[in-house]
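Q: Hey, can you walk me through this one? I'd like to start with a single residue and work outwards.

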Amino acid sequence: MPDEVKKPDSAGSPGEACAECSRRRFAKIGLGSVAAAGAGSAVFGYSFLAPNVLYEPSPIVDAGKPDRYPPDSVTPDTQSEIYIVHGPEGIYTLSAVCTHLGCLTAWKPELGIIACPCHGSKFRTDGTKIEGPAPRPLPWLKTWVDDDGGLLVDRSEPLEQKQFVRI
Ligand code: FES
């Protein structure tokens with residue numbers, strides 16, 4: 001009886017199996033690297049193409065109903081950086097931003113003035129300067145009553161002339 005001839009197994013020799021293993025590992029690493037590079041390119045591409053827009057709040061302030069402001073009062077709105085003043089001639093709005101270097105001023109009810117904490121400028125309730133380095137008075141802002149009876153203020157442009165809302 002002849003000796004049985006042994007066939008080589010299908011996986012080949014141990015050396016050939018390791019070569020196949022490292023080819024697969026190399027292919028996986030290569031595909032992973034390509035995928036990571038593609039994802040990075042997608043992120044940078046999106047950030048490059050996305051609009052670079054700065055969203056600012058609206059310059060129009062809804063100041064509520066005019067009866068919130070009693071006669072002979074100054075009402076600061078620090079969030080909107082304005083003062084709503086109800087004087088003898090009506091309601092008007094001043095910017096609270098100092099005309100010197102742009103600090104936010106503060107209403108001093110005990111003194112009846114508006115004062116800047118940065119360099120000491122002082123203003124009357126009509127915005128005129130009393131003293132300090134501020135080169136201009138506090139600007140008046142357009143103020144009006146809308147169809148629903150609410151007070152609106154436009155902070156985008158200072159007024160050239162004084163303007164009152166009479167209620
Ligand atoms: S910023 Fe107001 S006095 Fe200088």
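A: Sure. Let's start with D154, which sits in strand β10. Keep in mind that this is a predicted model.

Q: OK, is D154 buried or exposed?
A: D154 is buried. Even so, D154 has no salt bridge.

Q: Which side chain of opposite charge is nearest to D154, then?
A: That's K142, and K142 is 5.8 Å away. A salt bridge needs a Lys or Arg side-chain nitrogen within 4 Å of a carboxyl oxygen of Asp or Glu, so K142 and D154 don't make one.

Q: What does the side chain of D154 make a polar contact with?
A: With the side chain of S156, at 2.6 Å.

Q: And which residues from further along the chain is D154 in contact with?
A: If you skip the neighbours within four places in sequence, D154 is in contact with P59, I60, L141, K142 and W144.

Q: K142 again! Where does K142 stand relative to D154?
A: K142 stands opposite D154 in β10. The strands here are β9, residues 140–145, and β10, and they pair in the antiparallel sense over five bridges.

Q: What's between β9 and β10?
A: Five residues, and the two strands form a hairpin. In the turn, G149 has a positive phi of about 85°.

Q: Let's zoom out. What order do the strands of that sheet come in?
A: The order is β1-β10-β9-β4-β3-β2. That's six strands in an open sheet, with antiparallel pairing.

Q: Remind me, how do strands hold on to each other in general?
A: Strands of a sheet pair through backbone hydrogen bonds, and the pairing can be parallel or antiparallel.

Q: Which strands stand at the edges of the six-strand sheet?
A: β1 (60–64) and β2 (73–77). Each has a single partner strand, so one side of each is left without a neighbour in the sheet.

Q: How much are neighbouring strands turned against each other?
A: By 30° on average in this sheet, ignoring direction.

Q: How many bridges join β1 to β10?
A: Four, and the two strands run antiparallel. One of the partnerships is G64 with L151 in β10. Another pairs D62 with L152, also in β10.

Q: And at the other edge, how many bridges join β2 to β3?
A: Five bridges join β2 to β3 (residues 82–87), and these strands run antiparallel too. Here P76 stands opposite Y83 in β3. β2 and β3 form a hairpin with four residues between them, and E81 in the turn has a positive phi of about 60°.

Q: Switching topic: how many salt bridges are there?
A: The count comes to two. Generally speaking, side chains of opposite charge can pair when their charged atoms come close.

Q: Which residue does K122 form a salt bridge with?
A: With E131, and the closest N and O atoms are 3.3 Å apart. K122 is partly exposed because its relative accessibility is 26%, between the 20% and 50% limits. E131 falls in that range as well, at 40%, so E131 is partly exposed.

Q: Where does K122 stand relative to E131 in the sheet?
A: K122 stands opposite E131, which is in β8. Two bridges join β7 to β8, and the strands run antiparallel.

Q: What sheet are β7 and β8 part of?
A: An open sheet of four strands, in the order β5-β6-β7-β8, with antiparallel pairing. β5 (106–108) and β8 stand at the edges with a single partner strand each, so one side of each has no neighbour in the sheet.

Q: What about K162, which residue does it meet in a salt bridge?
A: K162 meets D126, at 3.6 Å from N to O. This pair links distant parts of the chain, 36 residues apart. K162 is in the segment after β10, while D126 is in the loop between β7 (122–123) and β8 (129–131). D126 counts as partly exposed, at 23% relative accessibility.

Q: Last one: where is Q163?
A: Q163 is in the segment after β10. Q163 is partly exposed, with a relative accessible area of 34%.

Q: Which residues does Q163 touch?
A: Not counting residues up to four places away in sequence, Q163 touches I91, Y92, W140, K142 and T143. So K142 turns up for D154 and for Q163. As for L141, Q163 is 22 residues from it in sequence and 8.5 Å in space, C-alpha to C-alpha.

Terms used
Residues numbered from 1 in each chain as written. Predicted model: local features only at pLDDT ≥ 70, side-chain atom pairs only at ≥ 80, totals over all residues. Heavy atoms only, no water. Pairing = 2+ DSSP bridges. Axes fitted to C-alpha atoms, helices over the stretch in contact; angles between N-to-C directions. Buried < 20%, exposed > 50% of the residue type's maximum accessible area, 1.4 Å probe, protein only. Lys, Arg positive; Asp, Glu negative; His and termini not counted. Polar contact = N/O pair within 3.5 Å; in protein donor to acceptor, adjacent residues only side chain to side chain. Contact = heavy atoms within 4.5 Å.
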